[in-house]
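Thanks for sharing this one. Here are a few notes on its charged side chains, to read with the model open beside you.

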Amino acid sequence: MIAYLRSALFYCGYICATILWGGLSVLIAWILPYRTRFTFIIGCWTRFSLWWLRTTCGIRYHLEGLENLPEQPCVIFCRHESTWETLFLQTLLAPQATLIKRELLLIPFFGWAFALLKPIAIDRGNPRGALKKLISDGTRRLQDGVWVVLFPEGTRMPADQLGRFQAGGAALACAAGVPITVIAHNAGQFWPAHEFLKTPGTIRVKISTAIVSQGHTSKSLLKAASNEMFSLLGEINPQIRRPD
């Protein structure tokens, strides 16, 4: 019962903050320069959300491998298990452009504010067009000094299963000539996808060394990134399984 109450308290604060800050961002942030806009919209809201999560639900994190992040923005492949990593990544990498389905931009307050941050919004019903948009928009973002963040499994995965990687991120890295950095974690054990109840504990986050794209085809680069993700996840959760 206490765990349910703590989770309910978190959502009350989280939803109120999203409405308040999303509305304020739509009114004010559009006049700010892009990098300042990112800090205003995302920096304040996500840091509050993670602090509130820690305060109400007792969920913390431990980060390993921060020194492995390249000095220049690159393509980021992050494990997708929860909502937690979408918040955490915004505090780790700034500014960033996230690959999202375009329907997310229609969500009141959240989507309206998110649209101001120049995400790479694609139509999943048009795979060929989505790939072209990812490569063209992603290359421009990288050239402008913006990190490009993808969840290569495409959807939230169970904590004990690695999903098949989609090809777009590796194609972007090869086209732009930048490395891929892999980020693994076990947030789904504490904030499971599509579940209300949250479990106190410490999320482990591991950052890989950069995987250079030079000398790789997009297919071989994708395989190297998938192997790296599986290796990192195995250090966090020995029960992890590859896709059948």
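**Salt bridges, pair by pair**

1. Let me start with glutamate 64, which is partly exposed, because its relative accessibility of 24% is not under the 20% that would make it buried. Keep in mind that this is a predicted model. Arginine 204 is likewise in the partly exposed class, at 28% relative accessibility.

2. These two side chains form a salt bridge, with an N to O distance of 3.1 Å. The contact links distant parts of the chain: glutamate 64 sits in strand E1 (residues 59-64) and arginine 204 in strand E7 (residues 201-207), 140 residues apart. Worth displaying together: Glu64, Arg204, Lys206 and Glu235 are connected in a network of salt bridges.

3. Arginine 79 and glutamate 153 also meet in a salt bridge, at 2.5 Å from N to O. Arginine 79 is in the loop between strand E2 (75-78) and helix H3 (84-92), while glutamate 153 is in the loop between strand E5 (147-150) and helix H6 (168-176), so the pair ties together parts 74 residues apart in sequence. Are the partners buried or exposed? Arginine 79 is buried at 0% relative accessible area, and glutamate 153 is buried at 6%.

4. Within helix H5 (residues 127-143), aspartate 137 and lysine 133 lie 4 residues apart, about one turn of the helix. Their side chains form a salt bridge of 2.8 Å, N to O. Aspartate 137 is buried at 8% relative accessibility, whereas lysine 133 is partly exposed at 33%.

5. For your bookkeeping, how many salt bridges does a search of the whole structure find? The count is 8.

Conventions. Residues are numbered from 1 along each chain as its sequence is written. This is a predicted model: local features need pLDDT of at least 70, side-chain atom pairs count only at pLDDT 80 or more; totals for chains, interfaces and linings use all residues. Side-chain values use heavy atoms; hydrogens and water are left out. A salt bridge is a side-chain nitrogen of Lys or Arg within 4 Å of a carboxyl oxygen of Asp or Glu. Helices (H or I, at least four residues) and strands (E, at least two) are DSSP runs, numbered from the N terminus. Buried means under 20% relative accessible area, exposed over 50%, partly exposed in between (1.4 Å probe, protein chains only).
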